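Trainee: I've got a model open and a list of labels for it. Can we go through what earns each label?

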Amino acid sequence: MLRRVLYIDLDKKESFVEDRGDLFEEWLGGTGVATQLLLEECPQGTDPLSPEAPIIFGIGPLTALFPAMTKTVATFKSPLNGELGESYAGGRLAMSMRFAGHEAIVIRGAADRPCYISIRDGEVKIKDARSIWGIPATVVGYILRDVEKGVGRRSIIRIGPGGEQLVKYAGVVVDTYRHFGRLGLGAVFGSKNLKAMVVSGTEDVEVPDPKRYREIYNQLYRTVVKTDAMEKYHDIGTPININVLNQLKGLPTRNFQDSSFEAAEKISGEVLADNYLFRRVSCAHCPIGCIHIGMLKTSFSRHHEYEIRKISYDFELIYALGSNLGVTSPEGILELIEACERQGIDAISTGVVLAWATEALERGLITTEDTLGLALKWDDVEGYLKAIDEIVKKKNEFYSALAEGVEVASEKYGGREFAMALGGNEVPGYHTGPASIVGLTVGVRHSHLDNAGYGIDQKAAKKSLSPEEMVDAIIQEDDARGVYNSLIGCLFARGVYSTENIIEALGSVGIERSVEDLEILGRKIFEEKYRFKVREGFDLKKARIPARFYETVSTVGMVDPETVETMMKIYRERRGWA
Amino acid sequence: MKEAEAGTGGESKEAPPERAKRKRRRLKVAHPERCIGCLSCMFACSRINAGRASLDRSAIRVKTQGGLEGDFAVVICRACKDPPCVAACPRGALEKRGDGRVVFKKDLCDGCGACADACLIRAISMDAEGKAIKCKHCGACVAFCPHGVLEMEEVEE
């Protein structure tokens, strides 16, 4: 049922559609297929910001058919860490691609001047974007909404100045509130002079047995809305973890110098929900509505005149731009989130880079000459807002280094031990213990979403787990998520889509797979991703682990470097790489 | 979350003649401001009434006004007392019954679109085969709205 790949060539300004049933048959869809397309399209050793580096988008066999099957995967060569770039976004893009009839999109080449891509069903146009180059990611949305068709069913994805200026952790904003945030897809867009892509379509998806489809749908829908499988995402949302992790000593604070934050309560999900949340919205075809939007109301005159900004917030953003920068007010965090949205840069990487810079200044590795007079200090929201602008403008050598990510900046200025990246990717908000550290290091995209090591640590905090048990749990998640990310479901709904339910759902749309089939597929997808990583120079044995992880107490107590080393060794053995 | 009685919508059945005097029911957007834009209602309508996943085959529409930052608008058939769509149809494909319900006879529809033009709120659209998509007030969408935006109500004639 899935087969069509749309190829767009920005050099030649042409496009064509190819039937790739072979790929979908073997790799199911989503990340399985997108990884294969990346291996096909990206020559070994390519500069990630050169025209030869491709961008690939993919959806899966359950897209638009079942609740919470809302994600689109992007694969590319990451300009941030030079190996596998993989990122997921919700919003309306997956549905729009499905109804436009393109199960994957490959973008090749680079345009010679700013452009955007407009896709309506089978019609593909590469249009002039000179008049919107330089405009914030937020505003580009308003403009394209007026000039493009497909209201209510389209998706508009775009970059901000961060992507145009090739900030290595620039993201792509999807339908205002979702993102391909991590690993620098925005810079790849920028390198191609590609400002945006608009997708809409009018096709339907037919199913072989509508009655069976409806039955399975009802069962899954009921589980999503009526059980508490997803309640935490619905109510307070992901920021519920601020208080939880703070109590568990797992909330990174002031660049991981502490694992609990004295002001956590003030910036907690509960406080944001009570005082700032004004609405929630959904990705297309998800009844949960986890996108929490806060209202930031600031007075700009004494005559009761206000600026109103509507800003979506989540746990990782509150960690990265809140606790990890020592920011004690929700208003400050919302302002920093908005700055990242406008510039179109990844909030986690930005927060980690700024935290490193603050500590480096404190320790005298850099001076206010480097920072152009900014005395970066914890909780200094104004200073951080200015620094974000200077990074995007690459104002001087120092800010240019910050725009390369914390790995490059610390190579240049020192402070490696507190440059908080694993696998070249700035780390997410968990100092829970060894499973998180190992999980992020071995994960295919060095993300907490690869294998959720933080969850394994939290289990270990209740009932001690051996290094072998933790490694096995990581491997199981690594592989299972390869399958889930091929469907493509939102990870918040992973509790709903058990292997049994996945098999039922696939069966109801005419794709028969067994438990064993899916297990084998998960492992193969993982191996294919590693094939790309190793080909591009990633070496797990040489992975750098910042010493700071061993200096700050975690959820399971002080982490012993030997435990991490042992787990890494077991991991390599279990994967057959010893 | 307001619990939705999922899966109880089902295809609408013709009312038995002895119950014809019972008040007719129609769909109502009771709380538009509670909409989260998930489009579950649209997918329910096309899934249950057309047997496929589609936005274009849905008789209910959730419109965005200024993208996801703006408010959602839910467009439904109002089940008018004096329905202009019925008057506009030159083929008698839309027929008003004694109890006030409007029945759509798909095989009579030739796709002229006069009904869609007659409805100012744009509650009727045309499908890919050129047939009208007309809400039959079956309540399938109500069962799949997770936020209690939609309700069925009895019509006071």
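Mentor: Sure. We'll start with contact, which means heavy atoms within 4.5 Å. Keep in mind that this is a predicted model.

Trainee: How many residues of chain A and chain B take part in the contact?

Mentor: Chain A brings 41 residues and chain B brings 36 residues.

Trainee: What area is buried between chain A and chain B?

Mentor: About 3400 Å², with carbon and sulfur atoms giving 53% of that. The size of an interface is often quoted as the accessible area lost when the parts come together.

Trainee: Why is the pair R52(B) and E206(A) called a salt bridge?

Mentor: Check the distance against the cut-off. The closest N and O atoms of R52(B) and E206(A) are 3.6 Å apart, and the rule asks for a side-chain nitrogen of Lys or Arg within 4 Å of a carboxyl oxygen of Asp or Glu. The pair therefore counts as a salt bridge. Across the interface of chain A and chain B, the rule finds 5 salt bridges.

Trainee: And how many residue pairs are in polar contact across the interface of chain A and chain B?

Mentor: The rule gives 12 such pairs, both residues being at pLDDT 80 or more.

Trainee: Which elements of chain A each supply at least two residues of the side that touches chain B?

Mentor: α3 (93–100), α4 (137–147), β13 (205–206), α7 (210–226) and β14 (277–281) of chain A. The largest share is from α7(A), with 9 residues. By class, that side of chain A has 20 nonpolar, 9 polar and 12 charged residues.

Trainee: What makes β13(A) and β2 of chain B a pair of strands?

Mentor: Count the bridges. There are 2 joining β13(A) to strand β2 (residues 52–53) of chain B, and the two run antiparallel. Pairing needs at least two bridges found by DSSP, so β13(A) and β2(B) qualify. Within that pairing, V205(A) stands opposite A53(B).

Trainee: β14 of chain A showed up at the interface. Which sheet does β14 belong to?

Mentor: An open, antiparallel sheet of 3 strands in chain A, in the order β14-β15-β16.

Trainee: What makes β14 and β16 of chain A edge strands?

Mentor: Look at their neighbours: β14 and β16 (305–313) of chain A each pair on one side only. The twist in this sheet averages 30 degrees from one strand to the next.

Trainee: How do you know that β14(A) pairs with β15 of chain A?

Mentor: Use the bridge count again. There are 4 bridges between β14(A) and strand β15 (residues 291–301) of chain A, and at least two are needed, so they pair. One position to click on is R280(A), whose bridge partner in β15(A) is H292(A). Helix α12 (residues 330–343) of chain A packs on this sheet, touching β15 and β16 of chain A, and its direction makes about 75 degrees with that of β16(A).

Trainee: Then there's the mixed sheet in chain A. What is the order of its strands?

Mentor: The 6 strands run β8-β7-β12-β9-β10-β11, forming an open sheet. Its edge strands are β8 (123–128) and β11 (178–180) of chain A.

Trainee: How do you know that β9 and β12 of chain A pair?

Mentor: Strand β9 (residues 155–158) and strand β12 (residues 194–200) of chain A share 4 bridges in the antiparallel sense. With a threshold of at least two, they therefore pair. I157(A) stands opposite M197(A) in β12(A). α3(A) packs on this sheet, its direction making about 60 degrees with that of β12(A). α4(A) packs on the sheet too, at about 140 degrees to β9(A).

Trainee: What makes E40(A) and R20(A) a salt bridge?

Mentor: Their closest N and O atoms are 2.8 Å apart. The limit is 4 Å, so the pair passes. E40(A) is in helix α2 (residues 30–41) of chain A, and R20(A) is in the loop between β2 (14–19) and α1 (21–27), 20 residues apart.

Trainee: Last one: where does the cis peptide bond sit?

Mentor: It runs from L487(A) to I488(A), with omega near -10 degrees. I488(A) lies in the loop between α20 (467–484) and α21 (499–508) of chain A.

Note on methods: Residues are numbered from 1 along each chain as its sequence is written. Chains are lettered from A and ligands numbered from 1 in the order in which they are written. This is a predicted model: local features need pLDDT of at least 70, side-chain atom pairs count only at pLDDT 80 or more; totals for chains, interfaces and linings use all residues. Side-chain values use heavy atoms; hydrogens and water are left out. Buried area is the accessible area (1.4 Å probe) that two parts lose on being put together, summed over both. A polar contact is a pair of N or O atoms within 3.5 Å; within protein, one must be able to donate a hydrogen and the other to accept it, and residues adjacent in sequence count only if both atoms are side-chain atoms. Ala, Val, Leu, Ile, Met, Phe, Trp, Tyr, Cys and Pro count as nonpolar, Asp, Glu, Lys and Arg as charged, and the others, Gly among them, as polar. Axes are lines fitted to C-alpha atoms, for helices over the stretch in contact, and angles run from 0 to 180 degrees between N-to-C directions.
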